[in-house]
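Grab a pencil and open the model next to this page. Below are some short exercises, each with a worked solution to check yourself against.

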Amino acid sequence: MAKCSIPLLAIDGGGTKCHVVFMDRQGNVLGQGKGGSSNYQGIGKDGVIRELVFGIEEAIADLRQKDDSALPQAEIEVECAVFALAGLDTEYDRRVITGLVQEVLERLPIRVQHLIVENDGYAALLGATGGQPGILAIAGTGSIIFGVNERGQTARAGGWGHRVGDEGSGYWIGKQAVMAILKAYDGREAGTRIGEWVLPHLGMDQEEDLFNWMYGPDYSVEKLSELSRVVGQAASAGDREAQRILEAAAHELFIGVAAVVRHLSFLDKPFTMILQGGVLQNEGHVRELLMRKIKAYAPQVQLDEARKEPIYGVTAMGLSYLQTKTSTEASEC
């Protein structure tokens, strides 16, 4: 079988979507594709395999459309593949996810020489900071904080999933909104208008429909997470409860950042702060309040305004490996 050689395959797989790119050694994108959630804790192992295969197949089709030398039936030989996936938090997770990745590759016309499987947040941190002192806060469907200091020591806070964590995330904000609506419906708390945005967004007429949805087959972590934008709309319209939820989200994220700051001894040292994920990119109130809290706690923090997509960090990790490999091979000649 004919072969097509590609330096890098990089996958950023979050709780909402996965982004797949093929790259050359200069960082030029040769093909790309997208799939859905890649967190097995949320959609199950089979769901992750399905979405990764779909995203990579889309990237392969894009690659072959752009490059005539990538023959339709050619096997793609990849020097380095980096799978940075949400849900990789323990050694058990690593074994599960590595197995999923291997099964995905077996279903595709791809042979990988060197495979890297890492947590999506950790990969994004190393790529965004280039190994320099910094902290990455991610608040998308889920949330997690990663940091690295000048000695290469790392620390993390949060990222324990939607059942016991993910404070400040889109999921967490959506859950708080549902709880506020149901409490107001009961008369346990003062009225909130959040329901005027949430119920129509979900195609519902009354609060009991919301309860039935939460415990029904159509519920999903991703759909609940989408409500964070609706809460943002309610907050912009002046709903005090929506504003309180966003303020609480910023505070929860700050608690995680502060823990990492202490672990890495950043209180009186300069470091870069990177904010990623849909909540921190789209909800200005959460982003601004979080940064005010961090600056008051660690005055030498510098916000990275580049706002690069997480895939940038994943590709940077792969390109770094390829560069090191090239240098090693050259020194052996």
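**Exercise 1: A strand on the inside**

Work out how strand β4 (residues 75-85) sits in this predicted model: is it enclosed or open?

Solution.
- Step 1: Go through the strand and check each residue for burial. You should find that 11 of the 11 residues of β4 are buried.
- Step 2: Draw the conclusion. Since every one of the 11 is buried, β4 is largely enclosed by the rest of the structure.
- Step 3: Look for its partner. Strand β5 (residues 110-119) runs parallel to β4, and 9 bridges join the pair. One of the matches to spot is glutamate 77, whose bridge partner in β5 is arginine 111.
- Step 4: Add the helix. Together with helix α2 (residues 91-106), β4 and β5 form a β-α-β unit, and this unit is right-handed.

**Exercise 2: Both sides of β7**

Find out which residues of β7 (143-148) point to each side, and decide whether the faces are covered or open.

Solution.
- Step 1: Start from the rule. In a regular strand, side chains alternate between the two faces of the sheet.
- Step 2: Sort the residues. Ser143, Ile145 and Gly147 go on one side, while Ile144, Phe146 and Val148 go on the other.
- Step 3: Check burial. Both sets are buried, so both faces of β7 are covered. With 6 of the 6 residues buried, the strand is largely enclosed by the rest of the structure.
- Step 4: Find the neighbours. β7 pairs antiparallel with strand β6 (residues 134-139) over 6 bridges, and antiparallel with strand β8 (residues 154-158) over 5 bridges.
- Step 5: Pin down a match on each side. Isoleucine 144 is the bridge partner of isoleucine 138, and isoleucine 145 stands opposite alanine 157 in β8.
- Step 6: Follow the turns. The hairpin from β6 to β7 goes through 3 residues. The hairpin of β7 and β8 has 5 residues between the strands, and glycine 152 there takes a positive phi near 85 degrees.

**Exercise 3: One residue and its contacts**

Is isoleucine 173 buried or exposed, and which residues does it touch?

Solution.
- Step 1: Place the residue. Isoleucine 173 belongs to helix α4.
- Step 2: Compare its relative accessible area with the cut-off. Buried means under 20%, and isoleucine 173 has 0%, so it is buried.
- Step 3: List the contacts, skipping residues up to four places away in sequence. You get Gly168, Ser228, Val231, Ile245, Leu246, Ala249 and Val279.
- Step 4: Try a distance. Valine 230 is 57 residues away along the chain, and its C-alpha atom is 9.8 Å from that of isoleucine 173.

**Exercise 4: Two pockets**

What lines the largest pocket, and what lines the second largest one?

Solution.
- Step 1: Take the largest pocket. Its space is about 1100 Å³, and 49 residues line it, with Gly15, Thr16, Gly140, Thr141 and Gly142 nearest its centre.
- Step 2: Ask who contributes. Helix α7 gives the largest share, 6 residues.
- Step 3: Sort the lining by type: 11 nonpolar, 25 polar and 13 charged.
- Step 4: Move to the second largest pocket, with a volume of about 170 Å³. Its lining includes Tyr171, Lys175, Phe211 and Leu224, and α4 supplies the largest share, 5 residues.
- Step 5: Sort again. This time you get 9 nonpolar, no polar and 1 charged.

Note on methods:
Residues are numbered from 1 along each chain as its sequence is written. This is a predicted model: local features need pLDDT of at least 70, side-chain atom pairs count only at pLDDT 80 or more; totals for chains, interfaces and linings use all residues. Side-chain values use heavy atoms; hydrogens and water are left out. Buried means under 20% relative accessible area, exposed over 50%, partly exposed in between (1.4 Å probe, protein chains only). Helices (H or I, at least four residues) and strands (E, at least two) are DSSP runs, numbered from the N terminus. Two strands pair if DSSP finds at least two bridges between them. A crossover is right-handed if, with the strands pointing away from the viewer, the path from the first strand over the helix to the second runs clockwise. On a 1 Å grid over the protein atoms alone, a cavity is a set of points where a 1.4 Å probe fits but cannot get out, and a pocket is an open set with protein on both sides within 12 Å along at least five of seven lines; lining residues have an atom within 4 Å of a point. Grid points are joined across faces, edges and corners, and a volume is the space filled by probe spheres set on the points. Ala, Val, Leu, Ile, Met, Phe, Trp, Tyr, Cys and Pro count as nonpolar, Asp, Glu, Lys and Arg as charged, and the others, Gly among them, as polar. Contact means heavy atoms within 4.5 Å.
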